[in-house]
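Hi everyone, thanks for coming. I'd like to walk you through a structure this morning, so please pull it up on your screens.

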Amino acid sequence: MNIMLMLLVVPLITAFLTMAILKHQKTVWTIFLAVSGYLSYALFTMYGKWDLSWSIELGFKMFGKNVVLSLINSPLGWFFAFFASLTTLLIAMFSIAYNDEKHDSKTAPIWLLLIFSNIGIFFAKDWLMFFIMWEAMSTTAYFIIAHGKEISAKAAKFYLSISLIGTSTLLLGIILVSRLSQTFDIGVSIDSLVKLFSTNYSAALLYIGLFITTFLIKSAIFPFYMWPSKAYAESPDDFTPFLSTVMSKYGVYGLILFILPILAKSDLPMFGKISQPAYMLAVLGAITSVLATILAIFQTDMKKLFAYSSVANVGYIVMGLATMSVVGIQGALFHSVNHMIFKTAIFLSLAAVIYRTGERDMHKLGGLVYKMPLTFLVYLLAIISAAGIPPLSGFTSKWLIVQALMAQKMLFVVVAMIFASTGAFMYLLRCLASVFLGQLPDKYKDIKEAPLLMAIPMTILMLLTLAIGVIPGIITKPIDAVLTGMGYNVEPSSWTTVHTALAKSDLNLTYLFYVFMVACVISLIMYLISGKQEKIDQIDNYTAGENPLEWDTTPDRFNFAYGFYQPFKQMFNPMLDLISFERWMSSFGRIVERASSALSLLYTRSEGAILMLYIGIAILIIGGMM
Amino acid sequence: MVVINIILYSLFAILVGLIFMGIGRKVSARMHLRYGPPFYQSILDIFKLMSRKSFTHNFVMDLGMVMALAGLLGTMLYVPIAGHSAFISNSNIIVIMYLMAIGSLGMAMAVTASGNPNATIGISRALTMMLGYEIPFFIIVLGLIISNNSSSISVIAASQAGSIWNWNIWHMPLGYIAMEITLQAMMGEKPFDAMIAPAEVASGPMVELSGKYLGLGLLTHAVSIFVETGLMVNFFFGGGSNPIDFVIKQLGIYLIAVIFDNIFPRYKIEQAVKFLWIFPTGIAVVQLLLLAF
Amino acid sequence: MQIINYADEERRQEDNRKLWDKVTAYFRSRSLWMLHYCTGCGAMELPPIMTSRWDIERFGIVPMATPRQADILLLTGYASTNTMKRIIRTYEQMPEPKWVIAFGSCTVNGGMYWDSYNTVNNVGEYIPIDITIAGCMPRPEAILDTMVKLMNMVKSGDAKAFQKYKDNYGYYKANQDKLFARTAPVLESASLKYVHNETEGSEQ
Amino acid sequence: MNSVLFLIVIPLLGAFLALFGKKANRIVAILITAFTEIFSIMIYLSDKLPVSVAIGGWQAPYGINFVLTPLSVGFIVLINLAAIISLFIIRGEKEYQFYSTYLVLLAAANGIVLTGDIFNFYIFSELTTFAITALIAYPRNRRSTGAAIKYLILASTASSFLLIGIGVVYKTLGTLNIADIASKIDLLNPLTLELIIVLILTGIFVELELFPFNMWVPKAYFAGTASVNVMLHGMLGTAGAYIIARILLTMFAVNGSGMLVNANIANAIIVIAMLTIFVSEIAAFNEKKLKKVLAFSSMGQMGLIIFGFMIGNEQALTGAFYMVVANFLAKIILFVLTGEFIAMTGSDNWEDMKGIGRKHPVAGVSFVIGSLSLMGVPFFAGFWGKLAVIQGAMSGNSFMITGIVIILITAVVEGVYFLKISHTFFLKKEDEKEFNAKARIHSIVIAAALAVIVLAIGVHPGLIENNVNRATNEILNSTSNYVDVVFPGRY
Amino acid sequence: MNITELLKDLNSRGLEAEKICDGEIKVIANKDNFITHLHYLQSINYEHLANINGVDYIDENEFEVVYQIYSYTDKIHIIFKVRIPREKPVIQSIVDLWEQAQFYEREVHEFYGIHFEGNKDLSPLFLEDWMDLPPLRKDFDTERFSEIVMGSMRNGGKK
């Protein structure tokens with residue numbers, strides 16, 4: 001049985017199976033784990049076999065011949081699919097423990113359908129298969145985000161309306177492009193578009209524009225950056241990591257698969273060292289990461305905060321891609337994997353916190369480090385990697401992207417990138433300070449550490465960030481295969497050093513880790529040789545001599561967490577009110593609702609019927625005469 | 001061999017940093033027409049703090065303070081001192097920028113773990129300030145990288161070798177002015193020390209640090225002075241031919257900062273960020289445009 | 001400096017420890033950080049010693065904001081019962097080798113408020129005081145002289161008030177409880193019954 | 001072959017008998033509809049098609065003839081299938097008038113599709129109008145009588161226009177036979193031709209639920225019971241699609257090429273179709289009553305189908321026929337389930353229908369499948385139709401391009417409200433009180449069966465591919481297929 | 001209005017008003033109707049209540065409650081005195097005239113034991129768990145108290 005077909009069939013069958021036995025959730029989620037385990041194993045064995053493919057001929061006639069849906073194991077598709085399935089495996093392990101009676105979101109079958117479409121998108125060879133899986137992914141994601149709750153349904157509706165716009169533009173784009181070359185095959189359509197760029201520039205720009213809007217919508221770049229904050233916050237806690245890391249990569253995959261080869265091959269008006277559309281993409285990525293970082297700093301709900309952080313990270317990836325240079329794309333691919341790892345670690349640790357405390361607002365939590373030390377450690381290493389601090393994995397990819405941007409002299413984009421990564425440091429630490437550190441509120445006095453099954457995936461992710469940080473070769477080697485597959489000539493990367501475009505600026509990461517460890521030893525020695533320390537109670541703080549407990553203040557009143565960056569927020573308030581896409585989109589939604597109720601009113605009153613009949617006849621007559 | 005090298009460099013940096021702080025206090029005392037403490041006063045302070053008993057609220061405080069010092073030492077090891085650095089690999093500006101973040105992360109984590117609201121307010125101010133000075137700093141650095149097309153400091157320092165006249169301070173005067181203001185903010189000196197304001201938030205982050213932790217905090221501050229002034233020397237003052245020349249230049253820069261420190265009152269935190277984003281950034285952008293085109 | 005022959009290891013250990021203590025005592029004496037707890041009118045006397053005329057910083061003495069960082073606690077005036085509670089809490093928040101300097105006569109015997117119902121007459125009974133400075137608010141020279149005396153005491157190692165507090169904590173605690181925890185009225189007075197039942201609103 | 005007549009005669013006979021029987025009416029009606037269904041399937045599968053049957057021996061231009069082509073018999077099969085389903089989901093209507101009017105409707109619908117004579121077509125459409133008015137008014141409350149009267153007024157004014165049109169045709173061409181008109185159409189001078197087309201179109205468009213003419217649709221669907229809705233949509237809607245194929249694309253075609261004679265009117269019709277889609281989808285977006293939402297959505301689908309027919313090239317026509325089949329199946333699923341849900345919750349608003357999906361997962365899932373197919377999501381029948389229509393329309397003039405843009409925009413709107421509704425079924429029911437009535441198993445089974453068919457067609461469109469191809473090339477070269485079937489020697 | 005008109009006006013209303021120095025007058029009122037006068041004063045823009053304090057005339061066996069009132073426009077400072085018997089020290093509260101009076105009355109109650117009718121919260125303000133006689137009463141022997149609690153001795157004594 002062709003392994004590609006098995007990849008599709010296994011999730012499908014288990015989806016229908018689990019739908020039947022949805023009642024007892026333990027078995028359902030173990031099946032889910034088994035399926036993702038199988039997928040990861042199967043994908044692992046497929047590395048290198050780039051000739052694997054599968055196709056099926058449907059009876060439907062398009063362009064005179066029967067329509068063919070086909071899959072191919074391309075290095076790029078394999079890269080994204082394998083790391084996505086790895087993340088899903090870890091999340092599946094987490095959701096077995098997460099989905100007990102109280103939290104079960106009963107979304108396992110739909111999630112399996114989503115994985116089915118996920119595989120389809122990454123391995124699609126022709127546009128029709130790509131579109132079918134894309135649309136299936138959008139609708140199944142709607143049902144998972146809504147998962148039977150009122151508030152989530154509203155958030156999911158916002159997500160749905162935007163992603164349906166995306167699918168409509170994709171459909172229009174596909175039909176336009178396929179008419180050019182009378183076939184749905186992606187490779188052929190790339191070449192036909194490149195030819196079109198030379199003949200009719202504006203039409204080609206329109207075709208590319210349609211595809212780019214779809215991919216921007218799905219990866220939540222600038223004009224469409226506000227749906228993740230609602231969708232991620234309201235979706236089930238164990239689904240959010242999948243949603244924020246894997247699903248935001250479909251847009252990135254689309255950009256790399258289709259847009260980059262076209263922009264690389266066709267001759268376009270240049271802006272400095274890179275073509276204008278690519279620069280436009282970079283500017284969009286820059287605006288997204290800056291705006292998302294600022295918005296993330298002001299959130300009080302921790303899942304919304306990290307939703308905007310995911311949007312910012314995808315902004316970095318798009319900036320990396322827009323450099324069109326080998327180092328830039330290598331940085332972008334590396335960052336998408338890093339983002340999958342550290343963002344899943346963050347969301348899983350938050351899910352563990354929500355699982356135990358049931359609270360999502362940061363200022364209502366505090367001091368959880370004493371009760372959940374492992375979750376704290378996982379979260380700490382994840383945010384160190386997310387902030388791009390050297391010993392851990394997040395640094396290398398950010399560093400690559402900055403190097404590439406500097407080599408291409410995209411000055412203001414690089415400044416935006418650095419602003420965003422420093423701003424990232426602000427909101428990451430805000431969540432650390434208000435959720436894990438500070439005083440422990442009384443109602444969480446007796447919460448326990450996250451259960452074992454949750455702890456295992458979290459620790460694996462933590463070790464993964466460390467391993468990739470120290471030995472970047474684990475990820476750079478597959479990236480080389482992808483880049484050579486895409487036609488870039490890239491010299492093989494070594495296990496420890498990372499090469500870059502600028503002169504004499506290669507970086508040996510293991511050496512960096514080694515230096516950091518020696519520095520740690522030195523400061524540890526200084527810590528040990530000095531005087532003994534005595535452990536005192538958490539509430540015994542310097543409060544100008546007052547004893548707070550006498551004035552019956554509860555300890556968590558001591559957490560300064562609510563208006564954490566209040567002065568900073570006052571600076572940005574006028575700007576944020578001015579351009580808030582969220583307000584425009586929701587007001588647009590209200591206009592449509594008012595129009596629809598007006599129209600349905602038109603139908604209720606009956607006296608207009610005959611009048612409308614004559615209007616109809618008038619249209620026919622006028623139409624006839626023109 | 002490298003380990004001994006690293007230990008020597010670390011001790012050298014700490015010693016130099018502490019002596020700079022002592023000299024700084026002496027100079028500011030002399031500006032107040034006071035006699036001022038001996039120049040080795042900071043070393044005495046460090047030994048006193050290290051020998052005292054200290055209080056800790058939980059293991060995160062210890063972890064955080066150790067990490068802060070480790071981060072700064074790691075950064076220091078990446079700064080080339082007068083041509084040769086602790087180990088062979090070339091030093092990269094972007095690495096240093098991100099490594100400096102470990103210092104503030106460790107400090108922030110340790111201090112917030114103490115649970116004192118003053119400390120958390122201090123940290124939120126420190127991070128806002130960090131965002132404030134990071135932008136102009138990077139624009140200046142970007143100008144340097146673009147002008148000699150490499151992000152390694154040793155290349156930048158080497159490009160200014162030879163006579164005094166081809167130091168970068170003369171090629172990029174605007175960059176120097178912007179860097180001077182940003183340096184003031186990076187070192188947390190007077191106009192931009194809203195995070196350690198003793199009057200408002202009882203010495204901000206250091207409110208709960210007693211004995212040993214305060215010692216580690218002071219050491220981190222000393223090494224950060226060494227690093228920041230070291231960067232300044234490498235960027236604009238030709239990197240120095242030998243260590244003594246390098247240290248003297250550093251001392252000069254630090255004293256300029258101390259003099260500014262004694263003149264200015266204190267900015268409110270949003271005024272400081274607004275100031276940093278208008279003047280130094282503006283000057284740096286003009287410098288960048290001059291260099292790039 | 002008499003010649004020490006290290007015949008037996010234990011004495012040498014003991015000397016080393018002594019040597020190490022001597023060295024740390026030196027460092028402690030040369031960098032004292034003070035926390036002036038401005039209770040009474042003495043607070044006005046402290047700023048001048050930091051000005052250019054007297055300049056206490058040359059001795060390495062710097063004012064610090066929180067008890068955690070401070071070595072010396074300066075009690076600069078009379079202490080009422082309420083303030084005494086805060087003073088004790090601040091004292092306990094200071095890490096180990098800590099010393100207390102009391103200014104003026106109010107801290108010794110209550111000064112001119114000796115017969116007031118809420119002024120503590122002898123602060124020394126509640127927290128150990130190393131040095132008290134006489135004078136109804138001592139002049140800066142007196143304060144400087146005290147500081148130098150304290151430095152010498154610390155260097156020679158016999159400023160052991162905090163040790164005394166730790167050793168006989170019971171005595172101090174008893175005094176403190178006597179001051180604060182009041183369960184029964186102290187003075188029996190005729191019109192007492194009137195006041196009480198009136199506040200309970202059960203007037204005759 | 002004139003046993004074809006049974007398709008019309010037997011239902012009429014049954015209608016007359018139903019006036020007297022009480023209990024037996026239900027069984028009689030089911031038997032008759034089952035007979036017509038099986039008989040039409042037998043005709044469809046026999047390879048004697050296409051054939052023209054002259055009634056009473058009178059040859060074509062003079063007598064009435066029934067034309068049996070794969071297209072017409074295929075539609076008959078669909079109509080009778082809808083009829084059977086509507087009978088099964090009847091809830092408690094016992095009185096005999098219901099069954100007699102139902103049987104009249106069945107006969108008239110079969111008649112519309114079979115007849116080759118335009119006047120005969122007019123008589124059958126009149127019959128359907130009266131039957132439908134009676135069926136809508138059946139619940140006898142304020143809402144249904146109002147809707148029935150509104151429908152009656154509109155339909156009768158429209159059919160009067162149709163009669164005038166047929167009169168003009170008879171005056172100018174002297175014949176009433178569709179095939180004959182088709183061959184003689186280019187003899188007319190353009191002005192009279194345009195007059196004829198306009199008159200006949202107004203008559204047809206009321207039944208086809210196009211924008212200015214469909215004021216009656218929401219009230220009629222809202223007032224009728226679930227079975228009446230299925231009849232209205234299944235039988236009348238499909239018959240309407242056949243009328244477009246037969247009258248517009250064969251009678252008025254440019255020498256049988258499936259393109260309307262007068263290109264301007266074709267554009268006008270496209271404009272009307274676009275208006276219908278736009279207005280109906282936007283109106284459905286914020287509609288609270290489930291039946292009205294489905295009414296608007298069926299108007300939108302009809303607009304899409306007519307848009308597909310009007311484009312005229314082979315790709316768009318296959319798309320249109322796929323849309324007809326997909327819409328037919330999906331809409332019946334939704335109407336059947338709506339009937340059940342309204343009975344269960346007792347209220348028309350879809351917002352109060354929380355928790356149904358959790359109680360009857362099969363019903364919930366089939367509703368989702370039905371709505372997804374209407375939205376044109378892949379894996380469901382609607383997708384292939386929409387894809388082909390858009391693909392076909394791409395090569396057309398600027399009207400068609402704007403049409404595509406509107407279709408895509410309304411697809412978004414349609415997607416949002418359909419998924420919003422289908423998700424409310426899976427919401428947790430807050431007030432834990434039991435539903436008033438239990439959903440009936442056999443109606444859920446019907447819905448699930450249709451949902452499986454929709455899924456099957458979506459996954460493997462080859463199932464109905466050859467039937468659709470036969471229908472499309474019959475339209476495309478209607479001279480060879482249709483006209484010389486009726487007049488063998490003429491060309 | 002200036003000080004003489006004010007004196008004439010107050011005397012005409014049956015209060016003993018006399019001038020202490022320019023810009024300052026003393027008024028003595030009766031404890032039953034003093035509130036109406038205060039209300040009147042407030043109406044002729046004497047809107048600032050600076051303080052309320054008590055005085056213990058132990059030999060006349062009376063308490064005196066003194067209200068310091070000031071007017072920004074007239075720039076005149078009125079010292080408004082009311083006498084109440086020492087056995088039953090109860091007086092009407094003026095919270096509804098001036099909000100801040102609540103705290104002043106609470107303090108006077110704590111230190112003198114005067115009960116203010118109509119003041120919602122008269123709980124102890126400064127002294128922590130004080131069991132004895134209100135301390136500022138003349139019959140409270142403060143030296144004795146400090147000798148017992150704080151061990152104070154006349155002119156320092158020997159330790």
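I'll begin with how the chains touch, then go to chain A, and finish with some local details in chains E and C.

One thing to keep in mind before we start: this is a predicted model.

Let's take the chains together. Five pairs of chains are in contact, and of these, chains A and B share the most contacts. Some pairs don't meet. Chain B and chain D have no contact between them, and their closest C-alpha atoms are 41 Å apart. Chain D and chain E have none either, with 46 Å between their closest C-alpha atoms.

Chains E and C do touch. Chain E brings 22 residues to that contact, and chain C brings 21 residues. Which element of chain E gives the most to its side? That would be helix H4, residues 142-150, with eight residues. As for the chemistry, the chain E side of this contact is a mix of eight nonpolar, seven polar and seven charged residues.

Now to chain A. You can count 23 helices and seven strands in it. Its radius of gyration is 26 Å, while the globule rule gives 25 Å for 626 residues; the two are close, so chain A is as compact as a globular protein of that length. If you prefer dimensions, the C-alpha trace spans about 95 × 70 × 55 Å along its principal axes. Of the 626 residues, 59% count as buried. If you take the contacts in chain A between residues at least 6 apart in sequence, 77% of them join residues at least 24 apart.

The domain assignment for chain A lists domain 1 as 268-527 and domain 2 as 582-625. How far apart are the C-alpha centres of those two domains? The answer is 51 Å.

Over to chain E, where I'd like to show you a hairpin. Strand S1, residues 16-21, and strand S2, residues 24-29, pair antiparallel over five bridges. In one of the pairings, E:Lys19 on S1 has E:Ile25 in S2 as its bridge partner. Two residues sit between the strands of this hairpin, and E:Gly23 takes a positive phi near 95 degrees.

Next comes helix H2 of chain E, residues 34-43, in which E:Phe34, E:Leu38 and E:Leu41 are buried. Why do I say they line one face? Look down the axis of H2(E): the buried residues fall within an arc of 60 degrees, so they share one face of the helix. As a reminder, an α-helix has 3.6 residues a turn, so residues three or four places apart point the same way.

What does that buried side pack against? The buried residues of H2(E) pack against S2, strand S4 (62-70) and strand S5 (77-85) of chain E. On the face turned away from them you'll find E:Thr36, E:His39 and E:Ser43, which are exposed. Just after the helix, E:Asn45 has a positive phi of about 35 degrees.

Last stop, chain C. Here we have an open sheet of five strands, paired parallel, in the order S2-S1-S3-S5-S7. Strand S2 (62-63) and strand S7 (131-133) stand at the edges with a single partner strand each, so each has one side without a neighbour in the sheet. Strand S1 of chain C, residues 33-37, runs parallel to S2(C), and two bridges join them. There, C:Met34 has C:Pro63 in S2(C) as its bridge partner.

That's my tour, and I'm happy to take questions.

Terms used: Residues numbered from 1 in each chain as written. Chains lettered and ligands numbered in written order. Predicted model: local features only at pLDDT ≥ 70, side-chain atom pairs only at ≥ 80, totals over all residues. Contact = placed C-beta atoms within 7 Å. Helix = DSSP H or I, 4+ residues; strand = E, 2+ residues; numbered from the N terminus. Nonpolar A, V, L, I, M, F, W, Y, C, P; charged D, E, K, R; others polar. Domains from an automatic or database assignment. Rg over C-alpha atoms; globule rule 2.2 N^0.38 Å. Buried ≥ 20, exposed ≤ 12 C-beta atoms within 10 Å, placed from the backbone. Pairing = 2+ DSSP bridges. Arc of directions from axis to C-beta.
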